[in-house]
Each structure stands twice: as structure tokens, then as C-alpha cells.
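Visitor: Please take me closely through one part of this model. I would like to see how its strands pair.

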Number of protein chains: 4
Amino acid sequence: MAKLKWGMIGGGEGSQIGPAHRLGSSLDGLFEFTAGALDHRAAKGVEYGQRLGLGDRAYGSWQDMILGESIREDRIDLVTVATPNSTHFEITKAFLKAGFHVLCEKPMTMTVDEGEEIVRITKSTGKICAVNYGYSGYSLVRHMKAMIARGDIGEVRLVNAEFAHGHHADATDADNPRGRWRYDPAQAGVSAQFADCGIHAMHMASFVTGQEVTKLSADIVSCINTRILEDDAMVNFRMDNGTIGRLWTSSIAIGRQHGLGIQVFGETGGLRWSQEHPNQLYYMPLGGRLQIIERGEENLSPEADRTTRVTIGHAEGMPLAFANIYKDLAEAISAQIEGRDCDPAANMFPRAEDGLRSMAAVVAVADSGKQNGAWLDARPPMYQ
Amino acid sequence: MAKLKWGMIGGGEGSQIGPAHRLGSSLDGLFEFTAGALDHRAAKGVEYGQRLGLGDRAYGSWQDMILGESIREDRIDLVTVATPNSTHFEITKAFLKAGFHVLCEKPMTMTVDEGEEIVRITKSTGKICAVNYGYSGYSLVRHMKAMIARGDIGEVRLVNAEFAHGHHADATDADNPRGRWRYDPAQAGVSAQFADCGIHAMHMASFVTGQEVTKLSADIVSCINTRILEDDAMVNFRMDNGTIGRLWTSSIAIGRQHGLGIQVFGETGGLRWSQEHPNQLYYMPLGGRLQIIERGEENLSPEADRTTRVTIGHAEGMPLAFANIYKDLAEAISAQIEGRDCDPAANMFPRAEDGLRSMAAVVAVADSGKQNGAWLDARPPMYQ
Amino acid sequence: MAKLKWGMIGGGEGSQIGPAHRLGSSLDGLFEFTAGALDHRAAKGVEYGQRLGLGDRAYGSWQDMILGESIREDRIDLVTVATPNSTHFEITKAFLKAGFHVLCEKPMTMTVDEGEEIVRITKSTGKICAVNYGYSGYSLVRHMKAMIARGDIGEVRLVNAEFAHGHHADATDADNPRGRWRYDPAQAGVSAQFADCGIHAMHMASFVTGQEVTKLSADIVSCINTRILEDDAMVNFRMDNGTIGRLWTSSIAIGRQHGLGIQVFGETGGLRWSQEHPNQLYYMPLGGRLQIIERGEENLSPEADRTTRVTIGHAEGMPLAFANIYKDLAEAISAQIEGRDCDPAANMFPRAEDGLRSMAAVVAVADSGKQNGAWLDARPPMYQ
Amino acid sequence: MAKLKWGMIGGGEGSQIGPAHRLGSSLDGLFEFTAGALDHRAAKGVEYGQRLGLGDRAYGSWQDMILGESIREDRIDLVTVATPNSTHFEITKAFLKAGFHVLCEKPMTMTVDEGEEIVRITKSTGKICAVNYGYSGYSLVRHMKAMIARGDIGEVRLVNAEFAHGHHADATDADNPRGRWRYDPAQAGVSAQFADCGIHAMHMASFVTGQEVTKLSADIVSCINTRILEDDAMVNFRMDNGTIGRLWTSSIAIGRQHGLGIQVFGETGGLRWSQEHPNQLYYMPLGGRLQIIERGEENLSPEADRTTRVTIGHAEGMPLAFANIYKDLAEAISAQIEGRDCDPAANMFPRAEDGLRSMAAVVAVADSGKQNGAWLDARPPMYQ
């Protein structure tokens with residue numbers, strides 16, 4: 001099969017996110033890096049794109065890129081938006097409307113209204129808008145989802161999700177401009193730690209259970225008191241199937257290096273997974289023993305098999321999880337092109353709907369926090 | 001030094017708690033098992049006590065024991081109350097008033113009023129009333145407390161405590177009378193899982209930080225819906241020095257065997273400890289590396305040294321933690337007898353005040369849970 | 001049942017081993033500490049014994065104690081020998097011949113000849129001579145043995161045992177008299193690290209498999225070159241049922257706190273256990289998943305049930321393992337007294353035969369080491 | 001910089017090794033897949049190569065590829081040899097002689113003579129011949145090497161290396177042709193498990209210490225007795241700086257998923273690393289505490305920084321370790337092209353000399369095993 005053509009907005013020279021996306025998209029040889037507007041400084045972006053081999057498809061701005069690509073026969077199949085957060089909405093919207101599939105970095109938008117607009121556009125255009133909740137690409141996270149879906153732990157009762165690390169714990173460094181913007185509402189919006197990390201944990205809770213968050217109550221605090229936005233939050237929530245949720249997120253938890261993990265407890269079993277050691281999934285059937293499911297072992301689910309690349313016992317890490325999102329997108333796009341159904345094991349990448357729900361949850365967390373933990377609807381208006 | 005004389009109420013033949021206390025009290029050779037009213041069936045209790053070597057100090061009832069011991073010159077120095085929960089208050093009160101030191105199993109009382117009464121009696125009589133939060137006896141928990149007290153992690157910002165296991169997760173077993181009483185308010189009071197396990201975690205949060213819980217907000221649920229009382233609770237709280245608290249307790253978390261653990265995050269460091277692997281304490285100084293403090297290593301605190309018995313690398317477990325409470329009590333009682341100050345490293349066993357605060361927290365959790373997580377004062381009236 | 005009467009040789013004031021044995025013997029209330037010759041300085045030993053409540057059964061020497069106890073009706077049922085290594089043989093022999101059961105600290109003797117003599121005496125007198133390989137008392141070690149015996153992993157193919165720590169790694173401290181004797185043949189005999197730690201690992205290999213070591217080849221080295229005896233040894237061995245053995249022991253392995261562990265691989269399964277986390281046993285059936293067996297879980301073997309005291313999830317440690325040896329001995333002695341069969345689940349404490357085999361292995365390791373790893377018979381002459 | 005041109009021999013459709021090398025070579029965008037003879041069936045290889053975009057540089061045989069590439073101005077810069085083991089020598093030799101740099105899969109050759117010939121050719125031609133000991137590419141393995149080189153643990157005393165798994169433990173499956181060849185000398189040569197896995201562990205011992213193995217003694221066994229070659233081996237060895245070595249390798253260790261790990265003990269510290277959790281390195285300085293070095297943390301060595309791609313706390317796995325070998329090669333080749341010194345942090349990929357030493361060690365292990373563990377020279381003749 002010919003490779004799909006892929007483009008990128010943002011990810012200029014020196015950025016971390018650029019190489020990560022180029023790696024993720026190329027890992028399986030399914031996408032070819034074809035076009036890009038890599039820097040908001042037009043000349044720099046063009047020059048860097050040419051160095052990366054984009055030729056005349058190195059554009060000076062995303063607007064130019066829409067124009068340039070739209071008129072080509074061999075236009076790109078997918079564009080990744082990896083620009084500053086406040087520009088995601090505008091760019092994503094423009095590319096979708098111009099008929100391109102989009103993978104948008106999180107957060108997809110800065111407001112719920114914008115999120116709803118993106119969802120409506122995807123509905124009307126039929127274009128894919130994926131959102132990069134990359135941790136959902138891990139093979140054993142996929143397997144966890146598959147196990148729950150097929151009933152291995154019975155009805156889910158409770159989910160406990162965490163994303164708590166200690167990388168912003170230094171008060172003497174909190175006024176450093178490099179990090180201060182994260183906790184400044186003028187730049188970061190209504191939430192800091194929950195919007196940055198908490199929503200990964202919340203998305204994962206939804207992803208593995210196949211349920212959506214309906215309402216929530218939040219306790220948010222700024223442990224470093226020069227911060228306006230929260231650096232720690234505890235969120236209790238309910239999901240549409242009655243599942244109870246507990247979610248803790250923190251950036252002041254010194255000693256925790258990353259801290260994304262999830263535990264799911266059902267009527268007949270429990271599951272536990274942690275991003276820092278992603279190649280093991282702990283499973284206990286009711287009345288049985290704790291057992292360790294290894295990535296790559298025999299007879300796992302199709303969802304797991306599809307997303308594992310190296311043999312059992314060898315560590316696989318985040319870059320491959322990330323690549324799995326691209327692998328899903330390649331399948332979904334190819335299925336559209338070929339007019340066939342998408343492989344169900346691929347059809348599980350995060351979408352505009354997830355981006356929208358996250359945004360609604362962020363707003364609900366911020367509001368509940370201000371109202372002493374009042375229980376608020378966590379859904380966007382269009383889903384209420 | 002002559003051994004102190006120790007007696008016990010409850011802990012009859014076949015009980016688990018009886019041998020545990022006899023082991024804990026005898027481990028260091030500081031107490032001699034001298035008297036007891038071991039069973040509510042008088043004849044059985046006397047017979048069993050005699051078999052255990054108590055002779056004529058095997059009593060048929062706790063009332064007889066008070067009478068019998070009060071008139072002896074060589075009366076017991078300490079009595080442990082390990083009877084059913086609803087009788088703790090009456091027995092503890094009677095022994096304190098008769099001039100005996102008491103170690104009471106938790107919960108100390110069934111109401112806050114009763115708790116306040118016990119505290120007042122200890123004040124007026126000068127007698128010790130300890131409460132058996134036995135996990136606070138672990139050597140590295142003591143060391144954690146010492147590190148925090150001496151400023152190793154700076155001002156404490158946040159505590160995350162858990163006591164979540166999966167041993168009551170079987171819905172088909174939930175109607176079994178053996179376990180049902182735990183979730184029945186007529187027998188268990190206003191709270192099940194929080195009162196049973198959660199208060200251990202909350203006590204530990206207070207113990208290691210040296211701070212008391214002032215207010216809290218709780219989300220309580222019955223995941224098994226035939227239960228009236230909660231089998232899972234999430235409690236957010238605040239402590240008197242401004243510390244933020246998160247506490248999760250559950251009995252439906254399949255795959256977790258015990259699940260008591262605590263994480264403390266301060267301005268300049270973080271600490272983490274888990275009861276299932278109690279011989280390691282994880283410590284990270286701000287800007288440094290995670291390091292593993294081993295029970296028994298050189299140059300730990302006096303509080304740790306005092307409570308370690310075997311050399312580094314050898315596992316120490318719960319029975320020795322339990323014995324440390326008795327070791328503390330032996331020192332406190334001896335200091336009273338000898339009219340000297342108690343060793344400060346021993347003067348940290350849980351007391352009536354802790355039992356009272358726990359009861360107030362239990363009531364606050366139950367009330368907050370009914371009021372959608374309203375923030376309530378967690379302190380007993382006498383401390384408000 | 002009346003308590004058995006227990007005495008001790010050695011374990012004077014300030015020793016570590018004395019309290020450990022008193023704790024182990026008393027933990028289950030099966031033995032009463034009745035007599036002792038606790039110090040080679042007669043006056044000190046008597047005075048300390050009296051302080052510990054031995055009255056006129058506090059003796060000034062072990063010879064006096066044999067005399068004194070032999071003529072009593074209520075003579076002690078068991079004596080523990082915890083004196084310096086070079087005296088074990090003489091004292092153990094004397095007590096056995098005088099008709100006492102003995103628990104001897106390891107090493108039982110300093111030569112193979114002496115070991116054979118002890119074994120012969122136990123045969124002729126019918127008296128028990130136990131040897132304190134205390135790690136074999138852990139509940140999950142017992143369960144491991146039971147699983148292997150009942151065929152859970154099929155025929156055993158290979159055992160990998162380790163006892164490697166880093167507590168003698170400091171070259172600048174190696175000339176310190178406190179530690180130097182360990183590596184000095186004049187005081188320690190033919191072997192240092194293997195004799196001190198390695199034989200625990202080798203005994204455990206025999207204990208869990210139920211097989212004896214028949215021949216071995218050793219590579220021994222002194223990593224700190226001022227030492228005459230070895231501080232690191234690798235031993236390959238064969239067992240009487242064809243099982244292959246690998247055994248590494250070291251005292252210079254910086255970063256390892258204790259390091260005793262064992263892995264057993266059979267035709268249909270594998271098992272793994274480590275002393276530092278003794279409450280978990282890792283088991284994988286061929287073609288299945290790694291599962292974690294927890295101490296105290298339901299439906300374990302009688303051997304495990306008999307040696308567990310606290311409920312699942314609570315840590316149990318070395319002092320309780322140690323106590324299990326005493327618990328076994330109480331049962332074995334009581335069975336003799338009562339003229340009945342010993343509970344098979346108790347009849348597994350280490351014996352004179354094990355002490356003898358260890359001594360033969362020590363000599364074989366030392367000799368093989370000197371002969372460039374020549375394969376030598378590891379059995380004592382009487383078993384060849 | 002323009003990408004280097006890369007070609008491949010072997011790795012045809014359906015192979016595992018093909019995609020792994022294409023991924024590793026492309027991950028950093030330093031190599032472009034340009035030419036290949038991917039299958040020994042000429043038509044299939046050409047067709048598959050064309051599908052992968054090689055155009056007229058998809059060759060029918062490696063001989064054709066040498067001819068075709070040699071005459072081009074834009075000939076490939078590096079060729080990877082990933083054909084069946086017995087063909088590595090011939091192909092590698094031919095490409096080196098034709099002036100190409102080579103990355104050869106292990107084992108580089110089937111005999112020591114062949115290995116020496118390759119080394120001589122690299123010397124005379126100046127061409128690079130790398131050998132794919134891919135585990136040496138892990139970032140924290142590089143850091144371990146750097147720490148040892150700069151003296152963080154003082155003089156190295158002892159290395160303990162393992163590569164023991166349980167994936168060939170099923171006796172009922174041992175006659176399956178799919179696996180049987182591994183233990184058949186006609187196909188596998190003089191050694192099975194040591195040649196397959198053990199040499200990875202031995203290479204790692206050399207890699208991190210910077211020392212070569214000089215002599216060894218081996219105990220080799222076939223636990224499954226229908227096998228002619230060994231499925232388990234214990235190797236004791238000595239290195240040229242006096243370091244002691246212990247190396248265990250097995251394929252019957254049920255319950256171990258991969259099992260490559262290394263421990264290094266020096267005068268002033270110890271280090272421990274395991275491939276299954278490659279993002280943590282355990283380090284204890286003499287007299288200090290065990291600490292956990294995290295991949296990606298600040299202030300690591302240049303060797304570590306160069307080989308880390310994602311931020312701290314995110315798992316990195318084997319595919320990225322593999323890519324690091326290619327990254328090194330890109331730097332080494334570019335340095336040659338540009339006539340400058342290679343970055344020392346890159347100049348550490350395994351080379352023909354390592355492949356030769358491994359082959360000599362394999363022969364020595366097989367011979368020592370047959371001679372009851374005789375100590376034999378482990379060096380190839382040209383280094384004796």
C-alpha cells in the first residue's frame with residue numbers, strides 16, 4: 001500500500017513535540033511526512049521544512065498550507081496540529097472545513113463552545129478529528145479496555161485514576177516565567193494541573209470503561225500559594241453507567257516521576273496499570289490470585305496484538321504508544337478512502353467528542369472547586 | 001526491672017485478637033500476663049484463663065476483675081480491652097475510674113460524647129488510655145514522623161492516605177451474616193468502611209504530620225447495593241496547619257490485599273510508605289533522587305532505633321509493630337511509677353484524644369456523605 | 001497443655017541472639033524460659049539469668065547446668081546452644097548425651113567428623129538435635145516445599161539460590177577486628193562467606209526440593225585482597241535426584257541489603273521467593289501466567305497454614321519465621337512425650353543431618369575453590 | 001544534513017527483524033532506506049523491496065547488490081546484514097571488502113577464525129563493522145558505563161550478569177522443528193543458550209566495565225534431555241583488570257519473561273539494571289542509600305543524554321535502544337565522511353572485535369563445559 005501523506009502545523013526546530021510526532025507517524029511506515037508549516041515565523045518554518053525534505057510543501061503559515069494543499073491532487077491525508085494551545089481551535093476548524101483529517105494536540109479547544117463547534121464540523125464534513133490522548137495507545141491499555149468490554153471483571157463498580165507527579169514542586173522556581181504561565185489564568189485558562197494532566201487520567205477512565213463522565217465534584221488547591229490556578233486536585237465523579245470515579249492529580253507530589261495510573265474494580269475482578277511500567281497489567285479475578293499479564297503474551301485480545309511490536313519481555317515505551325494512535329488513524333483514513341469498515345481494533349483513537357468532553361470536565365472542575373465541591377454536570381450542553 | 005503486670009478483657013479461646021495482644025505484650029519481656037476476664041461466658045473465661053496460667057486471677061467478668069484487682073497490692077498495671085466494639089466505652093471508663101491504665105481496641109467509643117467523656121476521665125484521673133492504632137507502631141512510620149518533625153521535607157503541603165482492599169467485594173457473599181453486620185447501621189453505627197479502615201489511614205496522616213484534621217468533605221458509596229453503609233469512601237480534608245488531605249478507603253478494590261499506605265509531600269521533599277512492604281521508606285529530597293530508607297539502617301532517628309528488633313534486610317512485620325505499642329506503654333507506665341519523664345521516643349502511642357478525634361471524623365464523614373460532600377467540622381465539640 | 005521448659009546456653013546481656021531466641025521460643029506460649037547459663041563469665045551469667053526470672057536455675061556454666069538439670073524431675077525439655085561457633089560441638093554433644101533435646105545455632109560443628117559424631121549420638125539417644133536454619137521457618141517457604149512435594153511444578157530441573165549482600169564491602173573497614181575474624185581461617189575455619197551465608201541458601205535449596213546436594217564445584221574469591229578467606233563464591237552443584245544447582249553468595253554486593261532468595265524451575269512450573277519480601281511467592285505454571293501467592297491466603301497447604309499468624313496483607317517477618325522453628329520443636333517434643341506421631345507439617349525443622357551436610361559442603365566448597373573448581377563429593381563420608 | 005543511505009540484506013516480508021531494523025534506522029531521520037536484497041528468493045525480494053519504495057535498488061541477491069551499489073556515485077553508506085546466522089560471515093566480509101560499512105546481526109560469524117578475518121578486514125579497509133548487541137543501546141546502560149568509567153563506584157570488583165528466561169521450558173514442545181534447531185549442533189553450532197542469550201549478558205559485562213573477558217569456566221546442562229546442546233549454563237569468568245564475573249543463562253526458567261540484567265560491584269559503590277524495567281538504574285554508594293536513577297533526569301552523563309528521547313517518567317523501550325545503535329553509526333559514518341573525530345558519546349557501539357570475542361567465548365564455554373568446568377582462555381588467538 002502506498003503511504004498516506006502527512007503534514008504538520010507547529011513542531012518547529014528545537015521543539016520536543018515535532019520529533020515525537022514525526023517519529024510516531026513514521027514508525028510503521030504508514031505515513032510519509034509531506035507538508036508542514038512548522039514555525040509561526042514564516043521564513044524559519046520554510047527553511048526548516050525544506051531541510052526536513054518537504055521541498056515546496058514547506059509553508060510559511062498554516063493558512064498558506066491550506067491553500068497550497070487544497071489545490072493539489074496529491075494533497076495530504078492527515079494534518080497534525082501541534083501549535084500553542086490557544087490556536088488549536090482555529091487551525092483545527094480551518095483544516096476540517098477545508099476537507100482534511102486532523103490530529104489535534106490536547107486541549108482541542110479553550111472553551112466548551114468551541115469544542116461543540118468542532119464536533120459539529122466533524123459531523124457535517126465526515127472528516128476525522130482525532131485528539132492526542134496518547135497514553136490510550138499503550139498496548140495493555142487497549143487490552144484492559146478489551147477485557148472490560150468482554151466482561152472479564154463484570155459490571156464496573158469503581159475507577160481510581162491518578163496523574164500525580166512532583167515536577168512543579170519547587171516554590172523558589174514557581175515565579176520562573178518558563179513555568180509560571182501554567183498557573184496563570186490569563187494564559188492557561190480556568191485550570192492548570194487538571195487541564196494539563198488530570199484530563200489524561202479522566203480520558204483513560206472513560207477509555208477503558210467505555211463510559212462517559214456525567215457529573216463531578218472537585219477539591220482544588222494551590223499548594224504553592226503564589227499560584228492562582230490549582231497545582232493539586234481531587235475529583236470525585238460518576239459515569240453514565242453508574243460507575244464511581246476517584247481522580248487525583250498533582251504537580252507537587254515530590255518523588256513521583258510521572259504518576260499516571262489506573263485501577264478498575266468490577267463485580268468479578270480488578271485491574272491495575274501504571275504508565276511508568278506499561279508492559280505489565282495486574283489482574284485479579286474475584287476469589288482468585290493476582291496475576292501479571294505481560295505485553296506480547298500469547299492469546300491476548302486483537303486490540304492488544306494490533307498494538308504490540310516487540311516480543312514479550314522486551315520493554316516497549318511511550319513513543320510506540322504514540323505511534324499506535326497514528327496506526328489507528330492510518331487504518332481509519334484508509335478505510336474511508338477504500339469505502340470499507342474500519343478495523344474495530346483500530347477504531348478506538350480519541351476523537352473530537354473526547355476533546356469536547358474533556359473541556360467540559362475542565363470547566364466543571366474549576367467551577368466545582370470554586371463552589372466548595374458542589375456536584376456539577378460534567379457534560380457539554382450538547383450531550384446533556 | 002520487674003515485669004509490669006498485664007490483664008485482658010476479651011480475647012477468649014479461638015479469637016484472633018487474644019493471641020495477638022498476648023504476643024505483643026510479651027514480646028519484649030516487659031509485661032507479664034497476670035489477669036483476665038477473657039470470655040463473656042463466665043465459666044468458659046475462667047477455665048481458659050486458668051489454662052493460660054492466670055490462676056485465681058482468671059475472672060468471670062470484667063466487673064469481677066475490677067473488684068478483684070482493685071484490692072490487691074500487686075494489681076495489674078495495664079488492662080487491654082478487646083471486647084465487641086459496643087462495650088469498649090463502658091469497660092474502658094470503668095477501669096480508668098478504678099485507677100487502671102487501659103489499652104482499648106479501636107473504636108474507643110461508639111459516639112463522640114462518649115469519647116469526650118473518656119478524655120475527661122483520663123485528664124481527671126491521670127491514667128493512660130491508649131487506643132490501638134497499631135500500624136503507627138511500625139519502625140519506619142515512626143521514622144517518617146521523626147523526619148517530618150525535624151524538617152526533612154519542610155512544611156507539609158499535602159498528605160495522601162489510602163486503606164483500600166478487596167476483601168468484601170463478593171456480592172454473592174454480602175448477605176452472609178458473618179460479614180453483613182459490618183454494613184448494617186444497627187450493629188456497626190453510622191459508618192462501615194471508613195470507621196473500620198479509613199480511620200487507620202486518617203490517624204496515620206495525623207500521626208506522621210503531627211497535625212489534626214479540622215474539616216472534611218466525603219463522598220461515600222455502597223458499590224454493593226444491598227448494603228446500607230458505605231463500602232467505599234473518598235474523603236478530602238484539611239489539617240490545623242493548613243495541610244491538604246486526600247483519603248481513599250475501600251473494601252471492594254479487588255486485587256489489593258491490604259492497601260494501607262501514605263504519601264506526604266512537603267516544600268522540600270516527599271515520603272512514601274506502604275504497610276504491605278513496611279521495611280522500606282521512599283524519600284525524595286526536592287531536586288534530588290528517590291532513595292530507599294531501610295528499616296534498621298545506621299543513623300536513623302531514636303524513634304526508629306527504639307522500635308527495630310532485627311538487623312537490616314530481615315523482614316519485620318505487623319506483630320512487632322503491635323509490640324511497639326506495648327513497649328511504649330511499658331515505658332510510659334514505668335515513667336509514671338518512677339516519677340520521671342517518659343522517653344520522648346516512646347511517648348507517641350495513640351491515646352484517648354486520638355480515639356475521640358477518630359469518632360468525630362467518622363460522624364463527620366457520614367454526615368458529609370449524606371449532604372453531598374458538604375464541608376463539615378471534623379473536630380469533636382470540645383476541640384472546636 | 002502445660003508449657004514445655006526451655007533453657008539456653010549463651011545469649012548473655014547485650015547479645016542479639018539471646019533476645020531473638022527468647023522471643024522465638026515464647027511467641028506461641030509453648031515454651032517457658034526456665035534455665036540458662038547465659039554468659040561464660042559465671043557471676044555475670046547467674047546475675048543476668050536471675051534478673052530474667054530464672055532463680056536458682058540460672059547457672060554459672062553449661063557444665064553446671066547439665067548437672068543441675070539432670071537431677072531434677074522438672075528438667076528442661078529443650079536447650080538452645082547459642083555460644084561462639086567453636087564451642088557448639090562440645091556443648092551440643094554433652095547435652096544430647098545427658099538426654100536433652102537441643103537446638104543448636106549454626107554451624108553445628110567446625111568439622112565433618114564432629115558433625116558425624118553428633119548425628120550418631122542423636123541416632124543412639126533418640127534425642128532431637130535441631131539446627132537453626134531459621135529462614136526455613138517462613139510460611140511461604142514451607143508452602144513452596146509443599147507445592148514442590150505435591151508436584152505443582154513437576155520434576156524439579158534447576159534451583160538457583162542466592163545469599164548476596166553488601167555489608168562487608170568496605171575495604172577500609174576490613175582490618176577492623178570486629179569484622180576481620182570472619183575472614184581469618186584461624187578463627188572462622190576453612191570458609192567465610194559460604195560458611196556464614198551460603199549454607200543458608202544451600203540448605204534452602206535442599207529444604208524446598210527435598211533433595212540433598214551430592215557434588216559441587218566452587219569458584220571462590222577474596223574481592224578485598226587483605227582477606228584470606230573468600231568474600232564471594234559461586235557454587236555449581238548437583239542433587240540426588242538429578243537437579244542442577246546454582247548458588248551465589250557474596251558480602252561485597254553493595255546495594256543488596258540481605259539478598260537471600262531462591263528460584264526453583266520444574267518441568268511444569270517455576271517458583272520464586274525472596275527473604276526481603278517474604279509474604280509473596282511468585283508462581284508460574286508452564287504456559288500460564290505469573291501469579292502472586294500471598295501469605296495467609298485461603299486454601300494454602302497445611303504447612304503454610306500452620307506457620308501463619310496474622311491475616312493476609314499484613315506483613316510477617318523474620319522473628320515469626322524463627323518462632324516457627326520453636327513451634328515445630330514443641331510439637332516434636334510433645335509427640336515424643338506423648339508417644340504419638342509428630343504432625344507431618346511440623347516435622348520439617350532442620351536437624352543434625354542438615355548441620356552435618358552443611359559442614360561437608362563447606363569443606364567441599366573450600367577444597368574445590370583451591371582446586372580450580374574441581375567437582376568434589378559434597379556429602380559427608382557416612383552418606384557417601 | 002542530508003540523510004545517510006541505508007541498505008539491508010535479509011528482513012524479507014513477514015520477518016520480525018526487518019521491521020525492527022527499518023524502525024531503528026529511521027527513528028531519528030538520520031538514515032534513508034535506499035537499497036536492499038530482502039529475500040533469498042530473488043523475485044520475492046525484488047518485489048517486496050519495490051513495494052517498500054526501493055525502486056531499482058531492490059536487488060535479487062546480496063551479490064547483485066554489491067555490484068549494483070558499488071558502481072553508483074550515491075551508493076549506500078551502511079548495510080545491515082540480517083540473514084540466517086550461517087551466512088553472516090560471507091556477506092559481511094564481501095560488503096566490507098567492497099568498501100561498505102556494515103551492521104551485522106549477531107553472531108557475526110560461526111567460528112573464531114572467521115571472526116579474526118573480519119577484524120583484520122576492518123583494520124585494513126578502515127570500514128566499520130558493527131555487531132548488533134542492541135541492549136547496549138539503552139540510555140541507562142550507557143549511563144552505567146559512564147558512571148563506571150568516571151569512577152563513581154571505584155575499581156570494579158565483580159560483575160553478575162544474567163539472561164535467563166523460560167520460553168523454551170516445554171519438553172513436549174522441544175521436538176517441534178520450529179524450536180529444535182536451536183539445540184541441534186548441526187544447525188546451531190557448538191552452543192545454544194549461551195550463544196543465543198548468554199553472549200548478550202557477557203557483552204554487557206564488558207560494555208559497562210570497559211574490560212574484556214580473559215578466561216572462563218562453564219557448567220552447561222541440558223535440562224530437557226532430548227536436547228544435545230545446553231539450555232542452561234553457568235559461567236564464571238575473569239576480566240583483564242582482575243574483575244570477577246558470574247553469568248547465568250537459561251531458557252527453562254519458567255516465570256522469567258526476559259531476564260537480562262546486570263549488577264556491578266566496585267570498591268565504593270554498586271549498580272543494578274534490568275532490561276524488563278530499563279528506565280531505572282539502582283545505585284548505592286558505599287555507606288549510603290540505594291537510590292533510583294531515572295532515565296531522562298537532569299545532569300546525567302552525555303552518554304545518557306544523547307540516547308534519551310522522551311521526558312523523564314515516560315517509559316522508553318527496546319526499539320529506541322535499537323535506534324541508538326543506528327544513531328551512533330550515523331555519527332561514526334558522518335565523522336568519517338567529514339574527516340573529523342566521532343563524538344565520544346557515540347563511539348561506543350559494538351564492533352567486529354566484540355563479535356570476535358563473543359565467538360571465542362562461545363567456543364570456550366562449550367569446551368569448558370565438556371571438560372568439567374576447566375578454566376580456559378576466553379580470548380581469540382589474536383588477542384592472547
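**Strand pairing around β13**

Guide: In chain A, strand β12 (residues 280-285) and strand β13 (residues 290-294) run antiparallel, joined by four bridges. Strands here are DSSP runs (E, at least two residues; helices are H or I, at least four), numbered from the N terminus. Two strands pair if DSSP finds at least two bridges between them. This is a predicted model: local features need pLDDT of at least 70, side-chain atom pairs count only at pLDDT 80 or more, and totals for chains, interfaces and linings use all residues. Residues are numbered from 1 along each chain as its sequence is written, while chains are lettered from A and ligands numbered from 1 in the order in which they are written.

Look at one bridge. A:Leu281 has A:Ile293 of β13(A) as its partner. β12(A) and β13(A) form a hairpin, with four residues between them. In the turn, A:Gly287 has a positive phi of about 80°.

Now cross to another chain. β13(A) is joined by three bridges to strand β13 (residues 290-294) of chain C, and the two run antiparallel. There, A:Gln291 has C:Gln291 as its bridge partner. Strands of a sheet pair through backbone hydrogen bonds, either parallel or antiparallel.

Turn to chains B and D. A turn of 180° and a shift of 0.0 Å along the axis lay chain B on chain D with an RMSD of 0.0 Å. That is the relation of a two-fold axis. Copies are superposed by least squares on the C-alpha atoms of residues with pLDDT of at least 70 in both. B:Gln291 is the residue of chain B that comes closest to the rotation axis, at 2.1 Å (C-alpha).
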